[in-house]
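Good morning, colleagues. Please have the sequence and the structure in view while I go through a few of their features.

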Amino acid sequence: MTVMNQATSEPVLSLEKVSVRYGRTRVVEDVSLQVARGSVFALLGRNGTGKSSLVRCMLGQQRVSQGQARLFGRRAWDTRTAAMRLVGVVPEEPDAPPGMTPRQLVTMCRSFYPQWDDASVAARLERSRVPRDVAFGKLSKGQKGAVMLALALGHAPQLLVLDDPTLGLDAVARKELYDELIGELAERQTTVFITSHDLEGIERFAERVAILKEHSVLLDEPLEDMKARFRRIRVTGAAARGLQWQPFEAQLSAQRDWGAEAIVANFSDDALAAFQSRTGVADLEVASLSLEEIFVALVGKPDARA
């Protein structure tokens, strides 16, 4: 058994102070991440923040400009050929020979992997209602995504990498893809690394989230911890005039016709008590935030910091 197949506590994926540049253009700068075995890790960021470049570096498809990318504990660039036997990838754009049918693609992929599971691949394609003998190029975007996911999971990979897999899919196709993915996670301890703009979908199953902003990591923490510390606070009436939000860290704040509101990043019962004691505000509304609301608060303001 190779070191790569051994169950260890070492991260499946890791980036250590990684920078990526194209000529003089900086894409990402000094990024460090660790993806624990068996976890679901989501990397989020606006367009152009370098998510796809980091995915390529993690898979050994692209050299880092600086730092170190490791896959199963080894330098990703050096071990990429051997590591691909343990990795399934669903790219941002479905990528398969357009003239080949799903049946032919399955036959081709089966030849690459001794542990290929024909039954599970067939079952996934059946659940997604993918015609087996229609050319890949003639399938719908959702059907293409379903084929790519089935092929990526056909060899029971230890790591599944999804680079914005729901891009361009309608609501029904997105739900079907996520339902299929969640079913797979329930079945086996597959490590998942996903980038996506579909934050509502990500929130259903991600365990840890990192957010990129302005070429670097803004935050990296368990999703439940993040949601526990972010809140929207609203104050109405005369008490809202000129309100200062200390000891809260306000990511966004605004005066409204009806009062004032802020999204804060360090909510706790103690901080709330201190805020009310300092301001004398007795009547206020505190609401939890979705992942999408947190993301918008953080990346929608140039000087936001968590």
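The largest pocket of this predicted model has a volume of about 510 Å³. Its lining comprises 23 residues, and those closest to the centre of the pocket are Gly88, Val89, Pro91, Asp95 and Met148. Which elements supply at least two residues each to that lining? Helix 1, residues 51–58, does so, as do strand 6, residues 87–90, helix 3, residues 102–110, and helix 5. Sorted by class, the lining of the largest pocket holds 16 nonpolar residues, together with 3 polar and 4 charged ones.

I turn next to enclosed space. In general terms, a probe the size of a water molecule, rolled over the atoms, reveals where empty space remains. How many cavities of 30 Å³ or more does the count give? The count comes to 1. The largest cavity has a volume of about 60 Å³. Its lining begins, in sequence order, with Val90, Pro91, Glu92 and Pro94, continues with Lys141 and Gly145, and ends with Pro165, Leu167 and Leu169. By class, the lining of the largest cavity divides into 6 nonpolar residues, 1 polar residue and 2 charged residues. Please note Pro91, which is among the residues closest to the centre of the largest pocket and is also listed in the lining of the largest cavity.

Helix 5 has already been named as a contributor to the pocket lining, and I should like to consider how helix 5 packs. As a general matter, a pair of packed helices is described by two quantities, the angle between the axes and the distance between them. Here the axes of helix 4, residues 118–127, and helix 5, residues 141–153, come within 9 Å and cross at roughly 165 degrees. An angle over 145 degrees counts as roughly antiparallel, and helix 4 and helix 5 are therefore roughly antiparallel to each other. The crossing of helix 4 past helix 5 is right-handed. In the loop between these two helices lies Arg129, a residue other than glycine whose phi is positive, near 55 degrees.

Let us move to the sheet. Four strands form an open sheet in the order 2-1-4-5, and their pairing is antiparallel. Which strands are at the edges? They are strand 2, residues 25–35, and strand 5, each of which pairs on one side only. Strand 1, residues 13–22, runs antiparallel to strand 4, residues 66–71, and 5 bridges join the two. Along this pairing, Leu15 stands opposite Ala69 of strand 4, and Glu16 stands opposite Gln68 of strand 4. As a general point, side chains in a regular strand alternate between the two faces of the sheet.

Strand 4 also pairs with strand 5, residues 74–75, in the antiparallel sense, over 2 bridges. Within that pairing, Arg70 has Arg75 of strand 5 as its bridge partner. The hairpin of strand 4 and strand 5 has 2 residues between the strands, and Phe72 takes a positive phi there, near 55 degrees.

One last backbone feature remains. Gln246 and Pro247 are joined by a cis peptide bond, with omega about 10 degrees. Where is Pro247 placed? Pro247 is in the loop between strand 11, residues 231–236, and strand 12, residues 250–256.

How values were computed: Residues are numbered from 1 along each chain as its sequence is written. This is a predicted model: local features need pLDDT of at least 70, side-chain atom pairs count only at pLDDT 80 or more; totals for chains, interfaces and linings use all residues. Side-chain values use heavy atoms; hydrogens and water are left out. On a 1 Å grid over the protein atoms alone, a cavity is a set of points where a 1.4 Å probe fits but cannot get out, and a pocket is an open set with protein on both sides within 12 Å along at least five of seven lines; lining residues have an atom within 4 Å of a point. Grid points are joined across faces, edges and corners, and a volume is the space filled by probe spheres set on the points. Ala, Val, Leu, Ile, Met, Phe, Trp, Tyr, Cys and Pro count as nonpolar, Asp, Glu, Lys and Arg as charged, and the others, Gly among them, as polar. Two strands pair if DSSP finds at least two bridges between them. Axes are lines fitted to C-alpha atoms, for helices over the stretch in contact, and angles run from 0 to 180 degrees between N-to-C directions. Angles under 35 degrees count as roughly parallel, over 145 as roughly antiparallel, 65 to 115 as roughly perpendicular and the rest as oblique. A crossing is left-handed if the near helix is turned anticlockwise from the far one by less than a right angle, and right-handed if clockwise.
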